[in-house]
Amino acid sequence: MAEFIVRDARVDDCDGILRLIKGLAEFEKKLHLLRTDTETLKRNGFGEDKVFHCFVAEARDHKGTDRPLLVGYLLYVWCFFSLSGRVLYVEDLYVDEDYRRKGVGSALWACAMKVALDKRSAQMQWCVTGWNTSAINFYKRLGSENLGKNEEYISFMLNKDSMKSAYSRISRD
Amino acid sequence: MNRFPTSYTRMADVTYRHAEKDDCDEIMRLIKELAVFENLVHQVNITSETLKRDGFGEEKLFHCIVAEEKAKSGADTSQLIGYLLYFWSYATFTGRVLYVEDLYVSQNNRRKGVASALWAFAMKVAVAKECKRMQWVVLDWNTDAIRFYQKMGAVDLSKKEGWLIYRLNEDDINAALTL
């Protein structure tokens, strides 16, 4: 059995998500740019006027406090590209260091692809920092198209066909 | 010092407002004109129905501000001469972002302050929602647009496939609006 489950985030996950956001900021060497807090996450992800959506990975059999232990998250927004229509834009994907190479990233990505397909998105799109080779390899294995490259960020895209194909592969694993 | 251009003469017979569902056919017409301008006509994959569903249905994926020229006589109907289409995005380290997807003014109505007025409308929406940023892209050969953005104090962020990405942070929006 996998050591984790993936699910939709809930409003009381926001403390845990903030901890993971800090982990991502440290990983990207951008901790000095972090200017958010739990209240901002609650308002923008779970309020009436919410702007982002989130999947979380939770450790199974966590012996500790009653609160779930979150070990990864994927945060996305819906975009509208006037040429193509609805697009799922992945803003963040992050897995705690102790839980890497266990399929957490793939499981979170599969959640995002499923909702993108269910909502008939034309595309998924996201960026990755140019030095993050393990992430880049993950995206290439999914069949993502590199939209172009600047010095710092690489922009990737999965269209409808490559999403379906990647989803059926990942959800079998 | 960079300043948001306010010394233009507003066209007296143009109104700026939030788009309504009935505007979708006209907005689609302008989207196609923009696609021609950008040499991307082959990439237009949406219709007026897409706009109605995704902009005016239960789940609104985008919002739109339009510039409408009043009818000159009883026989004419008013028509849209420009639009700004945006959606809400999120920068995890910072907060809410207003992402401008399209800004377009029809050819005969350029250099009359229409784009500036549409942009000012969007900035007010951004401030009202306590946005931390506005962000958008522009094609690197679109020198008129690039000049427009530079004058308002926007920052060039990166370059990919010939697109430039610009940003106004919260301070810049407030500063531009006080001019």
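# Two chains and their pairings

Glu59(B) has a relative accessible area of 28%, and that makes this residue partly exposed. Everything here comes from a predicted model.

Me: Which residue of chain B forms a salt bridge with Arg86(A)?
Reply: Let's start with the general idea: side chains of opposite charge can pair when their charged atoms come close. Here the closest N and O atoms are 2.8 Å apart, and salt bridges are counted within 4 Å. The partner of Arg86(A) is Glu59(B).

Me: Where in chain B does the pair that starts at Arg86(A) end up?
Reply: Arg86(A) sits in strand β4 of chain A, and the pair crosses between chains. On the other side, Glu59(B) lies in the loop between α2 (48-56) and β2 (63-69) of chain B.

Me: Is Arg86(A) buried or exposed?
Reply: Good one to work through. Its relative accessibility is 8%, and the cut-off for buried is under 20%. Therefore Arg86(A) counts as buried.

Me: How many salt bridges does the rule find across the interface of chain A and chain B?
Reply: One of them joins the side chains of Arg96(B) and Asp49(A), at 3.6 Å from N to O. With every pair across the interface of chain A and chain B included, the rule finds four.

Me: Which element gives the most to the side of chain A that touches chain B?
Reply: Several elements give two or more residues to this side, namely α1 (14-27), α2 (38-46), β3 (70-81), β4 (85-95) and β6 (145-149) of chain A. The one that gives the most contributes seven residues, and that element is β3(A).

Me: How many nonpolar residues are on the side of chain A that touches chain B?
Reply: We can sort the residues on this side by class. Nine are polar and nine are charged, while the nonpolar ones number 18.

Me: What area is buried between chain A and chain B?
Reply: To set the scene, 36 residues of chain A are in contact with 30 residues of chain B. Carbon and sulfur atoms give 56% of the buried area. On the side of chain A, the residues that lose the most area are Phe80(A), Ser82(A) and Leu83(A), together 31% of what that side buries. Between the two chains, the area buried is about 2,700 Å².

Me: How many residues apart are Glu3(A) and Lys102(A)?
Reply: These two form a salt bridge, with their closest N and O atoms 3.3 Å apart. Glu3(A) is in the segment before β1 (4-8) and Lys102(A) is in the loop between β4 and α3 (104-118), so the pair links distant parts of chain A. Along the chain, their separation in residues is 99.

Me: Are Glu68(B) and Arg17(B) buried or exposed?
Reply: Their side chains meet in a salt bridge of 3.0 Å, N to O. Glu68(B) is in strand β2 and Arg17(B) in strand β1 (residues 14-18) of chain B, 51 residues apart. Both Glu68(B) and Arg17(B) are buried.

Me: Why is there no bond between the sulfur of Cys24(B) and the closest cysteine sulfur, in Cys64(B)?
Reply: Cys24(B) is buried at 1% relative accessible area, and Cys64(B) is buried at 5%. A disulfide needs its sulfur atoms within 2.5 Å. These two are too far for a bond, because the distance from the sulfur of Cys24(B) to that of Cys64(B) is 8.1 Å.

Technical notes. Residues numbered from 1 in each chain as written. Chains lettered and ligands numbered in written order. Predicted model: local features only at pLDDT ≥ 70, side-chain atom pairs only at ≥ 80, totals over all residues. Heavy atoms only, no water. Buried < 20%, exposed > 50% of the residue type's maximum accessible area, 1.4 Å probe, protein only. Contact = heavy atoms within 4.5 Å. Buried area = accessible area lost by both parts, 1.4 Å probe. Helix = DSSP H or I, 4+ residues; strand = E, 2+ residues; numbered from the N terminus. Nonpolar A, V, L, I, M, F, W, Y, C, P; charged D, E, K, R; others polar.
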